[in-house]
Amino acid sequence: MIQLSDIEKVLNRVIHPEYDKSIIELSLVQNLNYQKDESEDDAGTIKFRLVFHRNDPMANSLKEACQKALQEAFPKAKTSILVLIDSNKATGHNKNELGRGDLDKKELNTVQNIIAVASGKGGVGKSTVAVNLAIALSQLGYKVGLLDADVYGPSVPKMTATEDYLPPITEKEGKQLIVPVEKYGVKWMSIGYFAKPEQALIWRGPMACGALKQLAFEVMWGELDYLLIDLPPGTGDIHITMIQEIPLTGAIIVTTPQQIALADVEKGINMFRNKDVHTPIYGIVENMSWFTPKELPNNRYYLFGKNGGEKMADKYNVPLLGQIPIVMGVMEGGDNGRPAALEEGEIQSRFREIAENL
Ligand code: ADP
């Protein structure tokens, strides 16, 4: 019959890459229990909780690693692992182990340009622009990656139909790295592969920051011409901390032509021009510029006002990189995991123009 001590021995080989210690040593395994099956001794169920002190980006991968290790050791047994986040309760590892110390930024050395895609406000189409722009850059022949760091609403998994991707860990020069998923010619990494949307609600500033840094520095990006970083909307302290830590080359700002969105753009511009951040702004992308119904292809309806992006670009002396109209195909492309820039047509050429301007 399977003993609890045997199970612990197996789990002791599952290492948390961030701390370089086993999940047993870190006391992440709780309520370990084995229910033996009536019929056969070794065919019972191994049950336990993996309890993290924060929304740990490694949680899913560690769960997978446990399942795999247990299945190899006890092929007849079933496993049932519940992942929990308990931010109030210490899980055994002391402060020093939790402190990440100086991060190794080496993985970004092979990335030529790191560009933040930001917006003052949610819902202006920042992620839609980031994803389509990444595809457009790769269509121009560049090597491109996109890091979806929008902790409050990661959209890359859905927009690229990669929701089921469980990022594997690989070792490079003694360092554990997360492998991005490659699709449509782009390397994608998203906070959404590690945390379910409903968990995002409990994320607080420092956690979000830590997770973003881990994703930026510990992903096997390889050689890239462009790494786009889809930032969470907003311009608060958390954004400043995030962008200070990442060696950004520049930023682009996405807005709609609407007055209120434009007021937020101003905050976005000021954030990147803040003396502690000092990141050049490559330009503004105006999204949802007008609506053209399919049956009236020559008509433009300026639902959110006209040329707001251009006025803002003039005022702040930054280029307007391009305009994207409201088109059903853009929304549908996002919803069904095949971004509109992949299909030949007006949207593809507009994103290509933005990519060229960038
Ligand atoms: P944000 O990242 O700024 O919160 P999203 O990229 O998630 O915004 O876009 C919000 C919604 O608007 C999504 O449903 C998206 O498909 C839709 N959308 C964005 N841009 C366009 C566009 N140009 N035409 C039609 N729908 C769009």
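Which residue has a backbone N or O atom that lies 3.1 Å from a nitrogen atom of the ligand? In this model, which is a predicted one, that residue is Val327, and the contact is made through its backbone. Taken alone, the ligand exposes 560 Å², and the protein buries 78% of that area.

Let me stay with the ligand for a moment. Two further contacts involve oxygen atoms of the ligand: one such atom is 2.8 Å from a polar backbone atom of Lys126, and an oxygen atom is also 2.9 Å from an N or O atom in the side chain of Ser127. Lys126 and Ser127 also appear, together with Gly123, Thr128 and Pro325, among the residues that come nearest to the ligand, out of the 15 around it. If you sort that shell by class, you find eight nonpolar residues, six polar ones and one charged one. At least two residues of the shell are supplied by each of helix 4 (126–139), strand 14 (281–291), strand 15 (320–326) and helix 11 (328–335).

Now I would like to turn to the second largest pocket, which holds about 400 Å³ of space. Its lining is made of 16 residues, and those nearest its centre are Ser61, Leu62, Glu64, Ala65 and Ile169. Helix 2, covering residues 59–73, gives the largest share of this lining, with six residues. By class, the lining has eleven nonpolar residues, two polar and three charged.

Where, then, does the second largest pocket lie with respect to domain 1 and domain 2? Domain 1 (4–89) and domain 2 (106–357) both contribute residues to the lining, and therefore the pocket lies between them.

Technical notes
Residues are numbered from 1 along each chain as its sequence is written. This is a predicted model: local features need pLDDT of at least 70, side-chain atom pairs count only at pLDDT 80 or more; totals for chains, interfaces and linings use all residues. Side-chain values use heavy atoms; hydrogens and water are left out. On a 1 Å grid over the protein atoms alone, a cavity is a set of points where a 1.4 Å probe fits but cannot get out, and a pocket is an open set with protein on both sides within 12 Å along at least five of seven lines; lining residues have an atom within 4 Å of a point. Grid points are joined across faces, edges and corners, and a volume is the space filled by probe spheres set on the points. Helices (H or I, at least four residues) and strands (E, at least two) are DSSP runs, numbered from the N terminus. Ala, Val, Leu, Ile, Met, Phe, Trp, Tyr, Cys and Pro count as nonpolar, Asp, Glu, Lys and Arg as charged, and the others, Gly among them, as polar. Domain bounds come from an automatic or database domain assignment. A residue is near a molecule or strand if one of its heavy atoms lies within 4 Å of it. A polar contact is a pair of N or O atoms within 3.5 Å; within protein, one must be able to donate a hydrogen and the other to accept it, and residues adjacent in sequence count only if both atoms are side-chain atoms. Accessible areas come from the Shrake-Rupley method with a 1.4 Å probe; for residues, only the protein chains shown count as cover.
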